[in-house]
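Me: Please take a close look at the open sheet in this model. I would like the order of its strands, the way they pair, and what packs on it.

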Amino acid sequence: MTNTAPSTAGARTAPGAGDFAARTQQIAKVYGRGDAQVVALDGVTVGIPRGRFTAIMGPSGSGKSTLMHCMAGLDSVDSGQVFIGDTELTRLRDKQLTRLRRDKVGFIFQAFNLVPTLTALENITLPMDIAGRKPDREWLDAVIDTVGLRPRLKHRPSELSGGQQQRVACARALAARPEIIFADEPTGNLDSRSGAEVLGFLRDSVRRMGQTIVMVTHDPSAAAYADQVLFLSDGQIVDTMHEPTAERVLERMKGFDAVGAPVRPAGDEPGVAAR
Ligand SMILES: Nc1ncnc2c1ncn2[C@@H]1O[C@H](COP(=O)(O)OP(=O)(O)OP(=O)(O)O)[C@@H](O)[C@H]1O
């Protein structure tokens with residue numbers, strides 16, 4: 001890759017660094033050595049615009065999870081820079097990184113990761129309790145209403161459906177008002193109706209609350225809830241699609257052959273790798 005400016009990833013005019021909730025500059029990540037070496041990220045430069053919903057798609061093994069983990073400070077890069085807001089993660093010591101993840105980043109995983117002995121409300125406020133922060137009551141109320149959990153706040157996870165449990169996990173991520181939320185296959189364990197509900201709440205939290213969300217997904221219908229989709233192939237971003245529909249995303253995914261090489265259809269906007 002020869003470019004150095006982050007992909008606008010959805011913003012139509014070139015935004016400044018301050019408009020990105022997270023960004024990377026030429027990051028590379030290699031796993032293993034010698035014959036077993038795998039280049040998971042190959043010089044990715046990308047910006048995640050604030051207050052937008054961004055989906056990351058690509059063939060299996062293209063580097064989606066690695067990119068998300070590196071952007072979230074859950075994994076280290078071999079070269080390049082990662083920023084959350086103005087803070088360069090790649091310069092932080094472990095303790096500072098832990099604090100930054102706690103204070104500025106929210107996570108939603110495929111497995112709901114709720115504490116079984118706590119009620120829904122206690123699970124939602126747990127990260128703030130651990131951080132010794134008092135929840136902003138008004139914001140918490142808005143989050144609870146957005147995810148439709150008010151009648152279920154005293155229930156424990158085992159008394160909730162999968163969709164409701166994932167809504168608790170969404171509310172937990174939203175409650176602390178993080179700079180950015182990373183969601184890794186958040187609907188992977190849900191039936192299509194519950195999945196649609198959760199995706200609707202995520203989209204609402206972006207539209208109504210100005211949250212920034214990045215979501216890795218394999219599902220074109222899930223990606224269609226996003227404002228833009230970044231397509232990864234062989235550790236590089238090869239396309240960006242704005243205002244996606246499930247049909248267009250599916251069509252674009254068909255453009256990747258079995259080993260993941262991109263075949264760009266005419267008319268699609270080039271991604272950062274081509275700039
Ligand atoms: N811990 C690891 N050790 C060795 N190789 C790894 C490790 N993690 C990922 N990889 C390799 O890096 C590449 C990118 O993996 P990654 O999980 O980021 O892809 P992905 O697009 O998220 O895949 P999937 O859609 O199948 O989840 C793959 O070839 C994978 O095998």
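Reply: Two strands count as paired if DSSP finds at least two bridges between them. On that basis, six strands of this predicted model form an open sheet with mixed pairing, in the order E6-E7-E8-E3-E9-E10. The edges are taken by strand E6 (105–108) and strand E10 (236–242); each has a single partner strand, so one side of each lacks a neighbour in the sheet. On average, and with direction ignored, neighbouring strands of the sheet are turned by 20° against each other.

The parallel sense is found between strand E7 (residues 180–184) and strand E8 (residues 213–216), which pair over four bridges. In this pair, Phe182 stands opposite Val214 in E8. Helix H6 (residues 192–209) packs on the sheet and touches E7, E8 and strand E3 (53–57). The direction of H6 makes about 135° with that of E3. A further helix, H8 (residues 246–254), also packs on the sheet, where H8 touches E3, strand E9 (228–233) and E10. The direction of H8 makes about 155° with that of E10.

At the E10 edge the pairing is antiparallel: E9 and E10 are joined over six bridges. Phe231 stands opposite Asp239 in E10. The two strands E9 and E10 form a hairpin with two residues between them, and Asp234 in the turn has a positive phi of about 50°. Although E10 is an edge strand with a single partner, E10 is mostly covered, with six of its seven residues buried. The contacts of H8 include E10.

Outside the strands, one helix pair can be added. Helix H3 (residues 120–131) and helix H5 (residues 162–175) pack at an angle of about 30°, their axes 8 Å apart, and the crossing is right-handed. From H3, the residues Ala120, Asn123, Ile124, Thr125, Leu126, Pro127 and Met128 meet Val168, Ala171, Arg172 and Ala175 in H5. By type, the residues of this contact divide into eight nonpolar, two polar and one charged.

As for confidence, the protein averages a pLDDT of 86, and 87% of the residues score at least 70. Over residues 1–5 the pLDDT stays under 50, and the model has eight contacts beyond four places in sequence for them. The pLDDT also stays under 50 over residues 265–275, for which there are 27 such contacts. For the complex, the predictor gives an ipTM of 0.97 and a pTM of 0.85.

Note on methods. Residues numbered from 1 in each chain as written. Predicted model: local features only at pLDDT ≥ 70, side-chain atom pairs only at ≥ 80, totals over all residues. Axes fitted to C-alpha atoms, helices over the stretch in contact; angles between N-to-C directions. Contact = placed C-beta atoms within 7 Å. pLDDT = per-residue confidence, 0-100. Left-handed = near helix turned anticlockwise from the far one by under 90°. Nonpolar A, V, L, I, M, F, W, Y, C, P; charged D, E, K, R; others polar. Buried ≥ 20, exposed ≤ 12 C-beta atoms within 10 Å, placed from the backbone.
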